[in-house]
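Visitor: I am new to this structure and would like a close look at a single part of it. Could you pick a sheet, walk me through it slowly, and then show me a little of what lies elsewhere?

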Amino acid sequence: MNILILGSGGREHTIAWKLNQSQKLSKLFVAPGNAGTASIAKNIPIGVNDFEGIKNIILSEGINMVVVGPEDPLVNGVHDFFLSDDLLKNVPVIGPEKAAATLEGSKEFAKEFMFKHNIPTAKYESFTSNDLEKGYSFLETLDAPYVLKADGLAAGKGVLILNDLEEAKRELKAMLVDAKFGNASATVVIEEFLDGIELSCFVLTDGENYKILPTAKDYKRIGEGDTGLNTGGMGAISPVPFADDVLMDKIEQRIVKPTVNGLKKDNLPYKGFIFIGLIMVNNEPLVIEYNVRMGDPETEVVLPRIKNDLVEVFDAVANQTLDTIDLDIDERTAVTVMTVSGGYPEAYEKGKQITGHDDIDSSIVFHAGTQFKDSKVVTSGGRVIAITSYGDNFKEALKVSYQNITKLHFDRMNYRKDIGFDL
């Protein structure tokens with residue numbers, strides 16, 4: 001089978017690494033890919049939203065399946081593009097259709113979906129620039145801290161948590177009136193703050209059946225002790241130590257089943273990953289958000305724990321036979337630590353030469369923001385390389401990742417030294 005992966009980050013390198021282990025894989029392509037995917041697949045220099053360019057690759061390379069990594073092309077309707085084209089409609093796409101992808105494309109839509117299907121979540125209201133004064137009034141009914149969420153996609157940076165009421169009002173105005181996050185904040189969802197510990201639940205569904213994948217916990221803030229600005233993710237751990245059988249049963253019965261059934265009831269065709277961001281409040285799970293793809297860097301710890309042939313699993317998703325697959329999960333803990341460019345998540349420089357990545361052993365190196373330039377591997381993004389390791393527990397696995405990070409070098413390299421501190 002010839003497979004094309006759309007995307008260029010750590011998630012896509014991990015998917016490529018996993019698919020590459022399959023005997024059923026003939027050729028693997030990644031568009032646009034990075035320096036890591038280049039070593040195990042053929043990179044195609046086209047963007048994830050260049051649907052016509054993607055079509056040309058499908059036809060010229062005889063692609064049999066497309067796996068969509070990031071949310072953007074899903075929200076923009078790449079799956080629908082395939083279904084509406086006579087030459088592409090029989091090529092399976094792993095990723096939901098556009099209407100279902102609105103679960104991530106619109107925070108307001110997601111909240112309405114949760115309330116409609118009795119899925120536990122925080123209370124909320126949504127506002128536009130015409131409702132600014134109503135937004136101020138709603139903020140006054142809440143206790144600090146105040147949670148403001150840009151309704152649309154804002155590259156993981158559209159959520160603000162603020163302790164001061166006046167600052168919350170200023171930021172609401174900046175989002176709605178001054179377009180702080182562009183069109184993404186034309187509507188803003190204001191939520192009650194939930195105090196608890198977070199975890200991520202990943203579900204793979206073929207639209208009828210589903211499998212719950214290993215849990216993970218990621219660390220979003222740039223600074224030690226979860227301080228500073230939000231990032232795309234600084235590290236992750238799988239499994240989550242406190243996610244016991246009792247909790248997982250609650251999550252399945254109260255959240256996973258109503259989500260998959262709700263998608264069917266609302267006629268939202270879905271073949272792909274559902275990322276459910278959860279928070280534990282008084283030992284009860286509530287949904288913070290949905291994503292319509294795997295998380296990054298959670299992918300770097302979840303997929304390495306799945307022993308199954310991923311081509312077989314994706315084929316079952318395409319054919320709606322996921323119920324015939326039994327997941328085989330590695331009992332070991334996997335952790336990943338993300339190295340990032342100096343200055344990230346604010347301004348940072350690209351093009352810094354990376355060395356030492358070939359010297360790392362007993363860990364897996366997943367490239368994120370990297371590319372080849374003048375036969376050297378250089379930085380091309382904020383999050384650069386993730387180092388994933390196994391262990392009997394997360395502390396043991398982390399020790400291996402941190403030891404290997406000392407072999408990796410690029411100018412102003414930064415990483416968090418306290419992943420798992422709250423466990």
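Guide: Here is a walk through one sheet and its helices, followed by a few other places along the chain.

Please keep in mind that this is a predicted model. Our part is an open sheet made by four strands, in the order S6-S9-S7-S8, with antiparallel pairing. At its edges are strand S6 (124-128) and strand S8 (159-162), each of which pairs on one side only. Ignoring direction, neighbouring strands of this sheet are turned by 20° against each other on average.

Let us step into the middle of that order. Strand S7 (residues 146-150) and strand S9 (residues 187-191) run antiparallel and are joined by four bridges. To see one of these pairings for yourself, find Ala-150, whose bridge partner in S9 is Val-188. Keep Val-188 in mind, as we will meet this residue again shortly.

Two helices lie across the sheet. Helix H6 (residues 107-116) lies across S6, S7 and S9, and runs at about 45° to S9. Helix H8 (residues 165-176) lies across S6, S7, S8 and S9, and its direction is at about 5° to S7.

Now zoom in on a single residue of an edge strand. Ser-126 is found in strand S6. Is Ser-126 buried or exposed? Its relative accessible area is 21%, and buried means under 20%, so Ser-126 counts as partly exposed. Leaving out residues up to four places away in sequence, Ser-126 touches Glu-108, Thr-187, Val-188 and Val-189. There is Val-188 again, the residue that pairs with Ala-150. With Glu-108 there is also a polar contact: the side chains of Ser-126 and Glu-108 are joined at 2.5 Å. For a sense of scale, look from Ser-126 to Lys-265: these residues are 139 apart along the chain, and their C-alpha atoms are separated by 24 Å.

Helix H8 offers a second residue to visit, namely Lys-169. Its relative accessibility is 14%, so Lys-169 counts as buried. Setting aside neighbours within four places in sequence, Lys-169 is in contact with Tyr-136, Leu-139 and Glu-140.

With the sheet explored, let us look at some other strands. Strand S16 (residues 272-281) has ten of its ten residues buried, so the rest of the structure largely encloses this strand. S16 pairs with strand S10 (residues 197-205) in the antiparallel sense, over nine bridges. Within that pairing, Val-203 has Ile-274 in S16 as its bridge partner. S16 is also joined to strand S17 (residues 284-291), by seven bridges, and these two strands run antiparallel as well. Here you can find Phe-275 with its bridge partner Asn-291 in S17. S16 and S17 form a hairpin with two residues between the strands, and in this hairpin Asn-282 takes a positive phi near 50°.

Another covered strand is S15 (residues 235-238). In a regular strand, side chains alternate between the two faces of the sheet. In S15 both faces are covered: Gly-235 and Ile-237 are buried on one side, and Ala-236 and Ser-238 are buried on the other. S15 has an antiparallel pairing with strand S12 (residues 217-218) over two bridges, where Asp-218 stands opposite Ala-236. S15 also pairs in the antiparallel sense with strand S18 (residues 333-340), over four bridges. In this pairing, Ser-238 has Ala-334 in S18 as its bridge partner.

Our last stop is a pair of helices. The axes of helix H1 (residues 10-19) and helix H11 (residues 310-318) come within 8 Å and cross at roughly 105°. H1 is therefore roughly perpendicular to H11. Where they meet, H1 brings Ile-15, Lys-18 and Leu-19, while H11 brings Leu-310, Val-311 and Phe-314. Sorted by class, this contact has five nonpolar residues, no polar ones and one charged residue. H1 is mostly covered, with nine of its ten residues buried. Among the buried residues of H1 are Gly-10, Arg-11 and His-13, along with Ile-15, Lys-18 and Leu-19, the three that meet H11.

Terms used. Residues numbered from 1 in each chain as written. Predicted model: local features only at pLDDT ≥ 70, side-chain atom pairs only at ≥ 80, totals over all residues. Heavy atoms only, no water. Axes fitted to C-alpha atoms, helices over the stretch in contact; angles between N-to-C directions. Parallel < 35°, antiparallel > 145°, perpendicular 65-115°, else oblique. Contact = heavy atoms within 4.5 Å. Nonpolar A, V, L, I, M, F, W, Y, C, P; charged D, E, K, R; others polar. Pairing = 2+ DSSP bridges. Buried < 20%, exposed > 50% of the residue type's maximum accessible area, 1.4 Å probe, protein only. Polar contact = N/O pair within 3.5 Å; in protein donor to acceptor, adjacent residues only side chain to side chain.
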